[in-house]
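Here's a quick tour of a structure, with a few helices to look at up close. Have the sequence and the 3D view open side by side as you read.

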Amino acid sequence: MSSGLNFLLEIGTEEIPHWMIPSAVAQLEKLDLFGATPQVDATPRRLVVRATGLPMRTADQTLVVKGPPITAGEKAAAGFAKKQGVDLSAMTKVGDYWELTKNIPGRLVGELLTESLPAAVLGLQWPKTMFWESTGARFIRPIRWMVALLGDQVVPFEIAGVKSGNVTKGHRILGASSIPVTFATYESELRRNFVILSSAERRSKIQTEITALGAKPDADLLETLTFITEYPAAIRGDFDPAYLELPAEVLTTVMRFHQKYFSVESAPGKLAAHFVAVMNTSGDPEGLVKKGNERVTKARFNDARFFWNVDQQKKLADRVQDLSHVTFQAKLGSYLEKTNRVVELVKTLGGDANAQRAALLCKADLPTEMVKEFTDLQGIVGGLYAKHQGEPEAVSQAIYEHYKPLSMEDSIPSTPEGQIVALADKLDTLRECFRIGLVPTGSKDPFALRRAAQGVVKILVEAKLPYAFDSLFDGELRAFMLDRLQHYFREVRRYKYDEVNAVLASGAKTLADVEDRLIALSAVRPTENFEPLAASFKRIRNILKQAAFNPDSWLFDVKLLEAGPEWDLHQAFLKAQGDLSGKSYREALEAIASIRPQVDLFFDKVLVNAQDESVRSNRLAFLNNILTEFSTIADFSEIVTTGDPANKS
Amino acid sequence: MDTFQQTLFKLKRYWDERGAIIQEPHDVEVGAGTMAPETFLRVLGKKPYKVAYVQPSRRAADGRYGENPNRLYKHQQLQVILKPSPDDILEQYLGSLEAIGIDLSKHDIKFEEDNWEAPTLGAWGVGWQVMLDGMEITQFTYFQQCGGIDLVLVPAEITYGLERLVAFLQGVESVYDIVWTKGVTYRDVRFQDELQYSVYNFEMANVDRLWRLFAEHEAECKELLAKYETRETLGNETLQPRRYPLLAAYDQVLKCSNLFNLLDARGAISVTERVGVIKRVRDLAVGTAKLWVDQQNPAPENSKEAA
């Protein structure tokens with residue numbers, strides 16, 4: 001083994017959307033480089049793979065190809081040899097068959113890369129691709145140059161009319177547009193030309209500079225800016241403190257979503273009249289960039305103030321009727337119709353006057369200028385306006401938070417009124433969409449019904465709302481919700497899937513109750529008696545199934561029990577049953593688990609299939625009693641135990 | 001400091017030097033430069049084309065009675081179409097900014113993803129909004145489809161928002177303060193339009209009549225499209241392919257599109273109607289585009305007939 005060859009691949013493109021870059025990097029990390037490990041870097045304009053220790057050529061290989069049976073005769077063998085491109089003399093007889101041992105010489109890795117790289121590059125998966133030139137290649141954005149080096153040689157290939165070479169480009173404005181490189185000089189040449197290749201280094205440069213300028217941390221924005229720049233540098237700008245009269249939510253939205261600025265706080269939760277912008281250039285010595293950004297910010301804030309003032313000319317309550325002009329969904333009519341349904345639903349769910357008022361007003365911010373401009377602020381703007389227009393705090397807060405939770409990480413609405421309105425709004429969307437067949441399939445979920453469903457589950461569980469799951473959903477929607485429910489408890493709350501199944505099979509009514517049972521079950525599960533008992537319960541269920549036992553066919557008769565293990569189990573069962581009442585789920589589960597020794601002994605010593613028909617039927621009835629009585633908290637037979645074949649999957 | 005029109009001259013000259021036809025605006029109301037036939041129809045088919053023109057673009061709902069410093073009922077776009085897009089298109093574009101006096105080494109330029117889609121035109125593309133010191137100054141799009149047709153020569157579309165760009169260059173905070181030419185401001189030239197059209201669009205446009213006009217223009221367009229399909233059986237000299245007035249049919253599409261915008265600004269399009277009306281305009285646009293491609297690339301027997 002020699003030290004091997006260095007490899008460099010740079011795909012030079014026009015600016016790739018920042019949010020797609022990490023996924024492309026992950027895909028390139030799997031690039032097959034003949035045993036070498038790819039090190040992948042990326043900026044908006046280049047995807048770069050580097051590796052060391054590639055072999056000059058691949059190893060020779062021996063391949064044994066089985067031919068026809070010897071009984072087929074020489075003619076068949078000759079035909080086979082011809083097809084393989086060899087003489088019959090090259091064939092050997094091994095056992096009952098002809099065989100050909102082929103020596104496949106290794107090939108130059110450079111040649112193999114020439115063949116494989118175009119497909120590897122064009123095979124990258126992107127959320128949306130484009131055409132731009134006549135060969136019909138598709139990529140995320142046009143490819144404009146490529147560097148491909150193995151050792152000191154160019155790996156020659158062509159994609160979309162662009163030939164690979166050894167010449168790269170620097171920063172669009174600050175760098176040279178034609179820079180010859182080698183593996184060794186590549187990164188330093190880029191740096192000299194104002195490209196910081198490493199995303200980690202760009203991220204840390206931004207982090208350091210914005211912190212020094214007092215920016216409020218924002219991890220998502222930091223990530224965006226890391227992949228929107230090749231040479232990031234932060235500057236601080238100012239705005240007129242008079243704009244601080246506008247709600248912080250509006251100012252922050254303008255800064256964050258529209259301008260990609262970090263905000264600055266003078267105290268926790270209190271905005272200061274500054275912003276921090278990250279440029280894609282080395283500096284702003286004349287202050288022109290700062291001035292330009294301040295000018296845009298002022299115009300944006302002015303717009304926001306204009307919208308605020310215009311919107312106050314008509315109260316939210318007077319805008320409800322305007323919702324007849326706002327489409328909810330073509331087949332489902334307007335937001336006015338939706339509003340009316342949500343109000344009714346809030347009533348049905350027992351919402352008080354404030355919750356009903358909030359339901360009536362919650363969509364009325366949709367026709368406002370502010371929401372038309374800042375759509376992400378829907379609900380929030382409604383809440384702010386409601387407060388400003390003198391609605392009770394309970395109403396405005398409920399409106400403000402009724403889109404929550406926006407994700408699994410987001411919190412649920414903080415007030416009971418908000419929770420009920422948020423629930424009703426999402427419930428209505430789910431029910432109505434399912435009613436007309438708008439059901440999410442695969443990656444298609446245009447109405448974000450999965451998110452709505454997830455929000456419903458999160459609210460029901462975390463707010464401990466008293467509605468029975470089955471009273472809220474039926475049919476196809478029930479199955480969909482059940483799936484989301486399992487997803488929530490498994491993926492978000494990290495309960496084991498069999499525990500979730502066991503509790504859901506037990507007849508828990510509300511989701512808060514499901515959660516309580518899961519907490520108890522997962523706590524009792526590791527105790528010594530639990531899993532063996534669960535295994536026995538599964539056995540009981542199988543026995544009953546095999547015997548086709550019908551509970552109505554035989555009334556359990558205590559007198560038919562035999563002394564010994566069967567009687568002892570009965571005693572243990574009665575004691576545990578007595579212990580259940582008034583106990584917490586956890587204590588009850590512990591009580592149930594305590595009968596394990598008697599269950600084990602029973603199965604050890606007692607033959608269920610007794611010869612006497614009445615004894616046999618009585619035993620089945622006895623076991624059935626135990627199973628039904630003790631499956632009310634969780635169906636133990638759903639628990640996957642050690643040695644269970646299902647455990648392996 | 002350059003005036004509004006001087007900046008415009010410089011941009012036109014810049015693209016003139018790069019071989020573009022300098023066109024005048026299309027004379028039917030449009031909502032964007034993309035809708036002018038110089039873009040919508042010319043991007044179809046296999047014939048290379050380079051054109052630049054200023055297109056006044058009307059968006060009834062954006063009117064603000066001349067009171068908002070940044071929003072206009074009618075703004076002016078400089079639209080550049082380069083078909084097929086040259087390999088150094090972004091460098092050429094950045095050169096145009098230098099040409100109007102922006103020293104890029106002193107500013108911050110970013111290309112931020114912004115894909116474009118026009119449902120009423122059956123058109124979409126991918127590209128960026130170009131940000132200069134945090135301000136969007138240009139929409140850059142590689143067209144992929146137009147009139148529901150995949151484009152064989154992918155054009156680059158550069159759309160400069162002129163008011164915004166010049167306000168930046170002149171350092172003014174309201175578009176109305178832009179110096180149009182010496183001693184004349186943007187307000188002097190355009191304020192009346194903004195005020196009067198806002199009043200008309202929001203308050204006075206006769207909704208019933210607009211609907212009737214929409215139906216009339218739609219009918220005219222449909223009739224023209226239908227006759228193109230059946231022209232050979234009609235045996236009429238006027239209806240020979242190359243003489244066939246598809247350009248006139250397209251004007252009817254634009255009329256419908258503009259009336260849709262007006263009706264929308266009047267709040268006259270109800271929920272149930274909205275999707276349907278968009279589809280009506282789209283059907284006309286897609287229908288025209290399809291026939292236009294056919295007309296530009298006649299099948300062999302057709303070309304004989306036309307010759």
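Right after helix α21(A) comes A548(A), and its phi is positive, near 50°. Keep in mind that this is a predicted model, so every value below is computed from that prediction.

**Helix α21 of chain A**
- Does the length add up, and what should you expect? At 1.5 Å a residue, the 17 residues of α21 (residues 530-546) of chain A should span 24 Å, and the end C-alpha atoms are indeed 24 Å apart, so the two agree.
- The buried residues here are F530(A), E531(A), L533(A), A534(A), A535(A), S536(A), F537(A) and I540(A).
- Those buried residues of α21(A) are covered by, among others, α20 (511-524), α23 (585-593), α24 (596-605) and α25 (613-630) of chain A.

**Helix α3 of chain A**
- You can run the length check on α3 (residues 109-122) of chain A too: 14 residues at 1.5 Å each should span 20 Å, and because the end C-alpha atoms are 20 Å apart, the numbers agree.
- α3(A) has a bend of about 40° at S116(A), with a proline, P118(A), following within four residues.
- Buried residues in α3(A) are V109(A), G110(A), L113(A), L117(A) and V121(A).
- An α-helix has 3.6 residues a turn, so residues three or four places apart point the same way.
- The partners that the buried residues of α3(A) pack against are strands β1 (5-13), β3 (46-54), β7 (143-150), β8 (153-154) and β9 (158-159) of chain A.

**Chain A as a whole**
- Count up the secondary structure of chain A and you get 25 helices and 17 strands.
- Chain A splits into domain 1 (5-57 + 109-192), domain 2 (61-104), domain 3 (199-311), domain 4 (327-494) and domain 5 (525-648).
- Between the C-alpha centres of domain 2 and domain 3 of chain A there are 74 Å.
- The radius of gyration of chain A is 35 Å, whereas a compact globule of 649 residues would have one near 26 Å.
- Along its principal axes, the C-alpha trace of chain A spans about 100 × 100 × 45 Å.
- Of the 649 residues in chain A, 39% count as buried.

**Where chain B meets chain A**
- How many residues of chain B are in contact with chain A? There are 32, and they touch 33 residues of chain A.
- On the chain B side, β4 (109-113), β6 (123-132), β7 (135-146) and α9 (271-296) each supply at least two residues.
- β4(B) gives the most to that side, with five residues.
- The chain B side divides into 14 nonpolar, nine polar and nine charged residues.

Conventions
Residues numbered from 1 in each chain as written. Chains lettered and ligands numbered in written order. Predicted model: local features only at pLDDT ≥ 70, side-chain atom pairs only at ≥ 80, totals over all residues. Expected span 1.5 Å × (residues − 1). Bend = angle between axes of the 7 residues up to and from the residue. Buried ≥ 20, exposed ≤ 12 C-beta atoms within 10 Å, placed from the backbone. Contact = placed C-beta atoms within 7 Å. Nonpolar A, V, L, I, M, F, W, Y, C, P; charged D, E, K, R; others polar. Rg over C-alpha atoms; globule rule 2.2 N^0.38 Å. Domains from an automatic or database assignment.
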